[in-house]
Amino acid sequence: MLVFPQLQTGAGGQFPIIRRRTLTTMGNTLADGSRIVYADGPLRANAWDLTLRDLSDNECAAIQQLFESVEGRKGTFTFLDPVSNLLAHSEELDGSCWTKDPMLQITTGIDDPMGGHRAIRLINAGQTGQSLTQSLAAPAWFGYSMSVYARSDAASPLSLVRSSPTNTQMRVFTTGPGWTRCAVSGALNATESTVAFALQLPAGASVDLFGIQVEAQPGASAYKASGAHNGVYSHARFDHDMLRSVCDGPDQNRLDIRIVARD
């Protein structure tokens with residue numbers, strides 16, 4: 001799997017990061033001369049300008065090796081958006097991108113910690129633990145942060161799980177009447193090119209949830225709602241055929257990179 005590497009800090013980039021999204025538009029000129037213009041939603045192009053400074057020799061070499069492997073802008077690789085929620089439909093947990101165990105019940109329109117009504121109530125009506133899972137075509141060996149706001153009328157366990165086909169890590173939180181952001185981070189000892197993230201409830205548990213988020217970095221940032229597309233771009237490209245690195249000193253390198261991808 002060719003993938004843009006994480007930095008030694010565990011992040012996918014350094015600030016400032018500039019992200020541009022370009023939408024195509026369609027126009028229709030009517031008989032009276034008026035014109036209707038609207039966005040053609042499916043054709044969206046994204047570009048990220050990454051300004052990387054103080055890279056170690058190993059970090060710089062890893063990016064250069066990827067650039068050579070894909071021959072500049074010719075080939076594609078997987079890129080994890082460093083400023084997005086990697087999960088799709090973060091507020092539509094009954095969507096097709098989520099795998100819901102059969103005894104889980106979902107109620108929408110619950111009051112959320114931001115003052116809205118975008119939270120959901122997850123109830124395990126079964127006799128064993130039940131999970132709600134989303135899988136990503138992303139490197140299992142990367143470090144990730146998974147977070148979610150949670151509350152429950154009575155104390156209830158809630159497990160945050162990340163897994164690959166060969167390894168699983170779980171952390172159990174105890175929820176209560178007040179909204180709490182549960183977060184877990186780390187990397188799996190795995191080599192697969194797929195990783196899954198799950199919320200798991202024990203039998204009979206009921207928990208209100210809001211703002212589930214996964215990021216390829218050491219800690220959780222402010223919640224970002226996601227739509228139909230997750231933050232994993234499997235056909236990203238470099239937007240140039242020459243990669244120029246500057247060495248500012250021993251083990252101190254800098255690169256300016258533009259990456260492009262379509263939704």
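**Exercise 1. Pocket linings**

Task: State how the residues lining the largest pocket of this predicted model divide by character, then treat the second largest pocket likewise.

Solution.
- Step 1. The lining of the largest pocket divides into 11 nonpolar, 7 polar and 3 charged residues.
- Step 2. In total 21 residues form this lining, and those nearest the pocket centre are Ala11, Gly12, Gly13, Pro82 and Gln217.
- Step 3. The volume of the largest pocket is about 280 Å³.
- Step 4. For the second largest pocket the volume is about 190 Å³. Its lining has 17 residues, with Arg21, Ser84, Ser226, Gly227 and His229 closest to the centre.
- Step 5. The lining of the second largest pocket splits into 4 nonpolar, 7 polar and 6 charged residues.

**Exercise 2. Strand S13 and its partners**

Task: Is strand S13 mostly covered or mostly uncovered, and how many bridges join S13 to strand S6 and to strand S8?

Solution.
- Step 1. S13 spans residues 206-215, and 9 of its 10 residues are buried, so by the cut-off of under 20% relative accessible area the strand is mostly covered.
- Step 2. With S6 (residues 119-124), S13 pairs in the antiparallel sense over 4 bridges. Within this pairing, Arg121 has Asp208 of S13 as its bridge partner.
- Step 3. S8 (residues 143-151) also runs antiparallel to S13, joined to it by 6 bridges. Here Phe210 of S13 stands opposite Tyr149.
- Step 4. Two of the residues named in Step 2 recur among the side-chain contacts: Arg121 and Asp208 belong to a network of salt bridges together with Arg151 and Asp153.

**Exercise 3. Salt bridges**

Task: How many salt bridges does the structure hold? For the pairs of Asp49, Arg73 and Lys224, give the partner and the distance between the closest N and O atoms.

Solution.
- Step 1. The structure holds 14 salt bridges.
- Step 2. Asp49 pairs with Arg20, with the closest N and O atoms 2.4 Å apart. Asp49 sits in strand S2 (residues 35-55) and Arg20 in strand S1 (residues 17-29), and the pair links distant parts of the chain, 29 residues apart. Asp49 counts as buried because its relative accessibility is 14%, whereas Arg20, at 39%, is partly exposed.
- Step 3. Arg73 pairs with Asp241, the closest N and O atoms being 3.2 Å apart. Arg73 is in the loop between helix H1 (57-69) and strand S3 (77-80), and Asp241 in the loop between strand S14 (232-238) and strand S15 (245-249), so the pair ties together parts 168 residues apart in sequence. Arg73 is partly exposed at 39% relative accessibility, and Asp241 is exposed, with a relative accessible area of 51%.
- Step 4. Lys224 pairs with Glu215 at 3.6 Å between the closest N and O atoms. At 26% relative accessibility Lys224 is partly exposed, while Glu215 is buried at 3%.

**Exercise 4. The open sheet**

Task: What is the strand order of the open sheet of 5 strands, and which strands stand at its edges?

Solution.
- Step 1. The order is S4-S7-S12-S9-S10, and the pairing is antiparallel.
- Step 2. Strand S4 (99-100) and strand S10 (167-175) each have a single partner strand, so one side of each is left without a neighbour in the sheet; these two stand at the edges.
- Step 3. Between strand S7 (residues 130-136) and strand S12 (residues 195-201) there are 7 bridges, and these strands run antiparallel. One bridge pair here is Gln134 with Phe197 of S12.

Terms used
Residues numbered from 1 in each chain as written. Predicted model: local features only at pLDDT ≥ 70, side-chain atom pairs only at ≥ 80, totals over all residues. Heavy atoms only, no water. Buried < 20%, exposed > 50% of the residue type's maximum accessible area, 1.4 Å probe, protein only. Pairing = 2+ DSSP bridges. Salt bridge = Lys/Arg side-chain N within 4 Å of Asp/Glu carboxyl O. 1 Å grid on protein atoms, 1.4 Å probe; cavity = no way out; pocket = protein on both sides within 12 Å on 5 of 7 lines; lining within 4 Å. Points joined across faces, edges and corners; volume = space filled by probe spheres on them. Nonpolar A, V, L, I, M, F, W, Y, C, P; charged D, E, K, R; others polar.
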